[in-house]
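Hello,

Here is the structure I promised to pass on to you. Please open it and have a look around before you read my notes.

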Amino acid sequence: MFFDVTKIREDFPILNRQIYNRPLVYLDNAASTQKPRQVIDSIRQYYEYDNCNIHRGVHYLSMKATEAYEETRREIREFINAKSTGEIIFTKGATESLNLVASSFGKCYIQPGDEVITTIMEHHSNFVPWQQMCLERGATLRVPGINEQGELDLDELKCLLNEKTRLIAMTHVSNVLGTINPVKEIIALAHQHNIPVLLDGAQGVSHLPVDVQDLDCDFYCFSGHKMYAPMGTGVLYGKEKYLEEMPPYQLGGEMIRDVYIDHTTFNDLPFKFEAGTPNVEGVVGLRAAIHYLNKLGMANIAAYEEQLLVYATEKLSSVGGIRFYGTSAHKASLISFLIGDVHPYDAGMIIDKMGIAVRTGHHCAMPLMNFLKIPGTVRASFAFYNTMEEIDLLVSAILKAKEMLS
Ligand code: PMP
């Protein structure tokens, strides 16, 4: 398929911005993606025509808003190929989805002496909740490392599996290294031991086609804002057999069936996990983002982003003196690097002055930075609206930073 990036870019108004009198080059997509006009318009349309609280009224607007919200749930189910809409829970992002599972799964399934496995390449959102839950419940967190290429040490992971393991909670794609983990293989292995697997899909779902039934993962978590949808939206997918057993995460309206003075009964899935008024306009925007992604096709997106990654890797390699972090053959479209011994913040400041947005720092992955013995990296992360010309501009900015700082 011919990927018409010029046309795609016309859908993203912010990409026309000038920063310091230069055209914006936005390469911080792993932090958050920009929004197409279709998403922005859907929110305006929602507030101008359909705004109302949902699930609460028989009047026209309430039914319209409820329909838009529930239609998005059906489309998300289809997008990730879940079995039923009961398995799709709206949250405010991957962080909330992960906290929900750590808290609720922890209460239900984790006893003193049990073990949970995560990995050294996790974002804090999929590390701290498990660490704290294990501390609270007298369990132990096990953390396998990575090899030179930034790939998970599968032998170490296998050695850590034992009869005390209750869950593996790991990232699908690393936000620092770009590594796409061999999750299907890990899930098959874990299931041989009856161990469920949670995937943090915050960096997966915007780059790769995701089929939760094919992966057979037990939980999958992601954020809307990293997939061209509004901030404050997210999804938790969970297999019904776990979600049915797990206690509610938050209490209040929507999640109840009947409330008495001395006890409460809870609503069915997915509503049991959706207390209070949700971010309806955000979910409406998420639906528009899904339509946008479906129109482009996730396989086409993955193929084009792979071209960007190959081109950027080649160009940056030619600069000399660049240290790369994450060189797996299975990588999503991001590159983490250091320019010689230059501190990432210093490099980031110079690159910024050239109108180029890259991320610098520990990327919310301090255990990984400690493992690598570095303070942070510069990270350029690409989306389908980026171009080869923008990568050339990044390379020029790196050369400039190198010249000024060495
Ligand atoms: N996991 C990964 C791998 C991430 O990259 C991020 C965001 N950087 C998160 C979790 C947390 O996502 P959010 O802040 O949208 O909740």
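Below is what turned up in it, starting with the ligand and its pocket.

Please keep in mind that this is a predicted model.

**The ligand and its neighbours**

Which residues surround the ligand? Going along the chain, you will meet Ala94, Thr95, His123, Ser125, Thr171 and Asn175, and then Asp200, Ala202, Gln203, Ser223, His225 and Lys226. Sorted by class, this shell has eight polar residues, two nonpolar ones and two charged ones.

Three side chains are worth clicking on. Ser223 has a side-chain N or O atom 2.6 Å from an oxygen atom of the ligand. In Gln203, a polar side-chain atom lies 2.7 Å from a ligand oxygen. With Lys226 the partner is a nitrogen atom of the ligand, 2.7 Å from an N or O atom in the lysine side chain. On its own the ligand would expose 400 Å², and the protein buries 85% of that area.

**The pocket**

Where does the ligand sit? Its space is the largest pocket. The volume of this pocket is about 390 Å³. Its lining is made of 27 residues, and the ones nearest the centre are Ala30, His123, Asn175, Lys226 and Cys364. Two elements, helix H4 (94-109) and strand E16 (359-361), each give two or more residues to this lining. By class, the lining of the largest pocket has 14 polar, eight nonpolar and five charged residues. You have already met His123, Asn175 and Lys226 in the shell around the ligand.

**An enclosed space**

Rolling a probe the size of a water molecule over the atoms shows where empty space is left. How many cavities of 30 Å³ or more are there? The count is one, and this cavity holds about 40 Å³ of space. Ile54, His55, Glu254, Phe271, Glu274, Gly276 and Pro278 line the cavity. Three of these lining residues are nonpolar, two are polar and two are charged.

**Two spots in the backbone**

Last, here are two places to zoom in on. The peptide bond that runs from Leu269 to Pro270 is cis, with omega near 0°. You can find Pro270 in the loop that links strand E12 (264-266) and helix H10 (280-296).

The other spot is Asp216, which has a positive phi, near 65°, although the residue is not glycine. Asp216 belongs to the loop between helix H8 (212-215) and strand E9 (219-223).

Enjoy exploring!

Best wishes

Technical notes. Residues are numbered from 1 along each chain as its sequence is written. This is a predicted model: local features need pLDDT of at least 70, side-chain atom pairs count only at pLDDT 80 or more; totals for chains, interfaces and linings use all residues. Side-chain values use heavy atoms; hydrogens and water are left out. On a 1 Å grid over the protein atoms alone, a cavity is a set of points where a 1.4 Å probe fits but cannot get out, and a pocket is an open set with protein on both sides within 12 Å along at least five of seven lines; lining residues have an atom within 4 Å of a point. Grid points are joined across faces, edges and corners, and a volume is the space filled by probe spheres set on the points. Ala, Val, Leu, Ile, Met, Phe, Trp, Tyr, Cys and Pro count as nonpolar, Asp, Glu, Lys and Arg as charged, and the others, Gly among them, as polar. A residue is near a molecule or strand if one of its heavy atoms lies within 4 Å of it. A polar contact is a pair of N or O atoms within 3.5 Å; within protein, one must be able to donate a hydrogen and the other to accept it, and residues adjacent in sequence count only if both atoms are side-chain atoms. Accessible areas come from the Shrake-Rupley method with a 1.4 Å probe; for residues, only the protein chains shown count as cover. A molecule sits in a cavity or pocket if more than half of its atoms lie within 2 Å of its grid points. Helices (H or I, at least four residues) and strands (E, at least two) are DSSP runs, numbered from the N terminus.
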